[in-house]
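Here are a few exercises to work through with the model open. Try each task before you read its solution.

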Amino acid sequence: MKEIFKEIAKRFGTPVYVYFEDILVKRAKIVKDVFSDLNYLPTVAIKANNNPYLLKILKDIGFGADILGEGEFYAASLAGIEPTNIVWNGNGKTPEQKEFMLKNNVKYINVDSIEEFEYLWKKENNFELFLRVNPDIDAKTHPYISTGLKKHKFGMTFDQARILLEKFRERISGFHIHIGSQITEISPFKEALEKTYSLAKEYNVKKINIGGGWGIKYKNENELDLNKLKEELMPILKNFELVISEIGRFIFAPSGFLLSKVLLVKKGEQKTFVVSESGMNHLIRPALYNAYHDIEVITESATKEVVDVVGPLCETGDFIAKDIEINLPEIGDLLIIKNAGAYGFSMANNYNGTTKPSEVLVKKDGTLKLIRKRQTIEELFNSCIID
Ligand code: LLP
């Protein structure tokens, strides 16, 4: 494994996001097979990773797409995903976006609120509308990525959904539930589905989008047990004529790595800092959610030490890992930052005038393919007007 990373660094330079096709395909097939007994449309949550080459691999396995707006629609269409397999999500949709989605034949809309329904969908017959309900359930995940409680901005209450169903039943195709991300326990999914099913029965609603949120193992937690999930959800799901899912992290996270070079090793009075060329600009999850990403070092050194792996940017919040035990590297050694395939590149930014990494795919046959070029400084500033 380390040899491949060394070769990639040599051929393509660093920092670089590296994806493995075999892992990606394996994970995608697991997601696809879970509910294959049903009329099931798995979609890929493009927000987790928008590289069209990777999306095309998923499309070929049978995935549709969950998109937020025109940008993610564009990624989906570059991957050849049929608009009839696309779900449009969001809590701030505009009439212009609606026209765009209509023109491009997007089929499914998740309606976030009663206000959105009144504003955009009341007189609209061209889409299948799913009401996003907020079941008021604690997903037991990081507060920033938890979405299913009343205090969160997402979805409508069951009473609000009832108001719409009473007036517009024939316009509404299904329900959508998404209670958060990186959820590793079954019970929140089950509870949310049970609650929603009781409403579905009341109004004979036959289609459901169960969202995403399937959690993986970053550190001590266990990956969500999909066999168990299937066992627990099937008795309810089999009552629906169509089941849609929107999965991002579970597919992408373990298939992607951020490969970054060590710029310096600095001995502070209290801590040793390993300065990586990638920081919160290329992987913001540790800075934003205190998320843990395991790191493996490619080095000759065998001394283990507890260090902070930090980025080179001008903020104390710019770190990749805190108090992590690794082989103490030297300048120029490589860091393999794991589980970075989801919400890694897609959340990368240009803070401090830095450019985004390139992306390379290790294909099934072991060959390497550049799937996104490194951003250039010219690209960063070519939209600026200076006179
Ligand atoms: N469906 C909807 C409506 C969503 O909002 C999301 C994620 C998904 C599906 C996919 O969820 P997944 O299967 O990836 O858990 N940036 C954060 C995660 C934000 C999730 C946003 N919504 C992170 O890096 O952990």
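**Exercise 1: the ligand's polar contacts**

Find the side-chain N or O atom of Arg-285 that lies 2.6 Å from an oxygen atom of the ligand. This is a predicted model, where local features need pLDDT of at least 70 and side-chain atom pairs pLDDT 80 or more, while totals for chains, interfaces and linings use all residues. Residues count from 1 along each chain as its sequence is written, and side-chain values use heavy atoms, with hydrogens and water left out.

*Solution.* Start with Arg-285: at 2.6 Å, the pair passes as a polar contact (N or O atoms within 3.5 Å). Next, go to the backbone: a polar backbone atom of Gly-213 is 3.0 Å from a ligand oxygen. Then take Gly-248, whose backbone N or O atom sits 2.9 Å from an oxygen of the ligand. Finally, check cover: on its own the ligand has 590 Å² of accessible area, and the protein covers 91% of that (Shrake-Rupley method, 1.4 Å probe).

**Exercise 2: the shell**

How many residues surround the ligand, and which are the closest?

*Solution.* Count residues with a heavy atom within 4 Å of the ligand: you get 19, with Ser-181, Glu-246, Arg-285, Tyr-289 and Tyr-343 the closest. Now map elements (DSSP runs; helices H or I of at least four residues, strands E of at least two): strand E9 (242–247) and helix H11 (285–289) are the ones that give two or more residues to the shell. Last, bring in the domains, whose bounds come from an automatic or database assignment: domain 1 (2–17 + 254–375) and domain 2 (50–247) each supply at least three shell residues.

**Exercise 3: backbone oddities**

Which residues does a cis peptide bond join?

*Solution.* Look at omega: it is about -5 degrees between Thr-14 and Pro-15. Then place Pro-15: it's in the loop between helix H1 (2–12) and strand E1 (16–20).

Key: Polar contact = N/O pair within 3.5 Å; in protein donor to acceptor, adjacent residues only side chain to side chain.
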